[in-house]
Amino acid sequence: MTGVVRVVDAVIVASLGALTLVSSAGAVAVHPVAVLAILAGVVLVTLVFQAADCYQVSVMRTLLPQLTRIMIALSLIFGAFFAAPLLLDYTPALPSDWLGVWFTVTLFALLGMRIGLAFLLRHWTRAGRLEHRAVIVGGGEAAADLIRDIQKQPSYAIRICGIFDDRKNDRSPAIVAGYPKLGSVADLVEFARIAHVDMLIVTIPINAERRLLEFLKQLWVLPVDIRLSAHTASLDFRDRASSFIGGVPFVDVVDKPVADWDAIVKRTLDLLVASAALLLLSPVMLATALAIRLDSPGPILFRQKRYGFNNEVIEVFKFRSMYHHLSDPLAKRVVTKGDSRITRVGRFIRKASIDELPQLFNVLSGELSLVGPRPHAVNAHTNERLWEQVVDGYFARHKVKPGITGWAQVNGWRGEVDTPEKIHKRVEYDIYYIENWSILFDLYIMLRTPFALFNTENAY
């Protein structure tokens, strides 16, 4: 939201500057100094509005405070424009009334836009679209103090969904500041997935290290922001590892891996590359579909339930590589070398990873990303043990959308998983990807993927 408003402000300043300049200059050639003034206006509006907190959502929801800031900031900027020629003892050949007209129409345009924005943000806040769904971890008086402090910040949309605490009611009341205790910390993981919680606020004292670490070990697998309440601590938290809700300080323990503009950029890259790939690879996909149809009876596509983002179960598309009557949609039996269930065409397309190409449609639908941890079948197992039982913190790999390719795959960890060590390595590489994600990292993995396909040692 704040990024979009910045762009809109810049467009208003630049476009109205250009329009008023052309209308004021008439047939006279536009002076280069005027063009520089328009560019400087765009830069100054962005910087001064930022310094005046005009891009804080809490301010953008208001009317009088927001409009006052806009008028003062814009007046300062154009005041500098009017004063510059006098201070520099320079008289540019500009239309005499241009700056005044530009200032006037820009001011009214920005005020009108911000009035509409304020009403829109208020509507979205009431509808729950701009609120943070938060859960308090740890009850008692510390949680009650925190809730009261948050409630004193009327311009911050925090919806507290409930409280989770491992302590019994004699030490942690069932109702805290009007909010119920919904269960233990172990219950919180499932609740956070179902309720789509955005933030976990831990009210345990900072010096309770052992208890804090036990909680974080259970909660870090969730794709949410985890904040440690510091409103009662006598420490200086004004650094990069802290944030504030109004005047309430928090220690930033865990951040959602891909959020805000990062999520938009990643999604845009997915749509562009997946669409281009479908066009370029359509002959290969059509030929594969025809070969499957001629090779054995049954559908061309195979659907399998797998874990997606936030542990949600999704249906992933693949080209069918098994005989239809022997297919295993629940992945009860691992595919092994020389597996008799694999068709002749299936053996080839699995070796070349052509069977994964229909997952480009999953990317377009938003269930998958191009790059991310590979989506595993819900019943994936090794030695009769589910993978979440083999690897501690296994579900942390679902903090981002799964991908068609990933850091583990380009490093050779693809194909059969027949030992605990292999799934440990996959998860290790997946967690590394999540913790070090960037768009450049995604592009690097995409570039390495075609070369990684030549390693077919474990692809059956």
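The following paragraphs describe selected helices, strands, side-chain contacts and ring pairs in a predicted model.

Helix α2 comprises 20 residues, 32-51, and at 1.5 Å a residue it should span 28 Å; the end C-alpha atoms are 29 Å apart, which agrees with that expectation. The buried residues of this helix are Ala34, Ala37, Ile38, Gly41, Val42, Val45 and Phe49. Just after α2, the backbone at Asp53 adopts a positive phi of about 60°.

Strand β6, formed by residues 225-229, is largely enclosed by the rest of the structure, because 5 of its 5 residues are buried. In a regular strand, side chains alternate between the two faces of the sheet. In β6, Asp225, Arg227 and Ser229 point one way, whereas Ile226 and Leu228 point the other way, and all of these residues are buried. The strand is paired with β5 (residues 199-202), to which 4 bridges join it in a parallel arrangement, and Leu228 of β6 is the bridge partner of Val202. It is also paired with β8 (residues 248-254), again through 4 bridges but with the two strands running antiparallel; here Arg227 stands opposite Asp252 of β8.

The structure holds 15 salt bridges. One of them is formed by Asp255 and Arg227, with the closest N and O atoms 2.7 Å apart. Because Asp255 lies in the loop between β8 and α9 while Arg227 belongs to strand β6, this pair ties together parts that are 28 residues apart in sequence. The two partners can be described separately in terms of accessibility: Arg227 counts as buried, at 9% relative accessibility, whereas Asp255 is partly exposed, with a relative accessible area of 46%. Arg227 thus appears in several of the features described here, as a residue of β6 that points the same way as Asp225 and Ser229, as the residue opposite Asp252 in β8, and as the salt-bridge partner of Asp255.

A further salt bridge joins the side chains of Glu315 and Lys305, at 3.6 Å from N to O. Glu315 lies in strand β10 (residues 313-319) and Lys305 in strand β9 (residues 301-307), so this pair ties together parts that are 10 residues apart in sequence. Both side chains belong to partly exposed residues, the relative accessible area being 31% for Glu315 and 41% for Lys305.

Strand β10 also contributes Lys318, whose side chain meets that of Asp355 in a salt bridge of 3.2 Å, N to O. This pair links distant parts of the chain, since Lys318 is in strand β10 and Asp355 is in the loop between α10 (344-351) and α11 (359-365), 37 residues apart. Lys318 and Asp355 are both buried. The contact between them belongs to a network of salt bridges in which Lys318, Asp355, Glu356 and Arg374 are linked.

The structure also holds 15 aromatic pairs. Tyr432 and Phe441 form an edge-to-face pair, with 6.3 Å centre to centre and 90° between the planes. Tyr433 and Phe441 likewise form a pair, which is tilted, with 5.6 Å centre to centre and 45° between the planes. As regards accessibility, Tyr432 is partly exposed, with a relative accessible area of 41%, while Phe441 counts as buried at 11% relative accessibility and Tyr433 is buried, with a relative accessible area of 2%. Ring pairs link these three residues with Trp407, Tyr429 and Tyr444 into a cluster.

On the surface, Val4, Trp261 and Ile264 make a nonpolar patch of about 300 Å². Ile264 is located in helix α9, which covers residues 260-295, and is partly exposed, with a relative accessible area of 45%.

Key: Residues numbered from 1 in each chain as written. Predicted model: local features only at pLDDT ≥ 70, side-chain atom pairs only at ≥ 80, totals over all residues. Heavy atoms only, no water. Expected span 1.5 Å × (residues − 1). Buried < 20%, exposed > 50% of the residue type's maximum accessible area, 1.4 Å probe, protein only. Patch = residues over 30% accessible without salt bridge, like charges linked within 9 Å, V, L, I, M, F, W, Y side chains within 5 Å. Areas by Shrake-Rupley, 256 points an atom, 1.4 Å probe, with all protein chains shown as cover. Salt bridge = Lys/Arg side-chain N within 4 Å of Asp/Glu carboxyl O. Pairing = 2+ DSSP bridges. Phe/Tyr/Trp six-rings, centres within 6.5 Å; stacked < 30°, edge-to-face > 60°.
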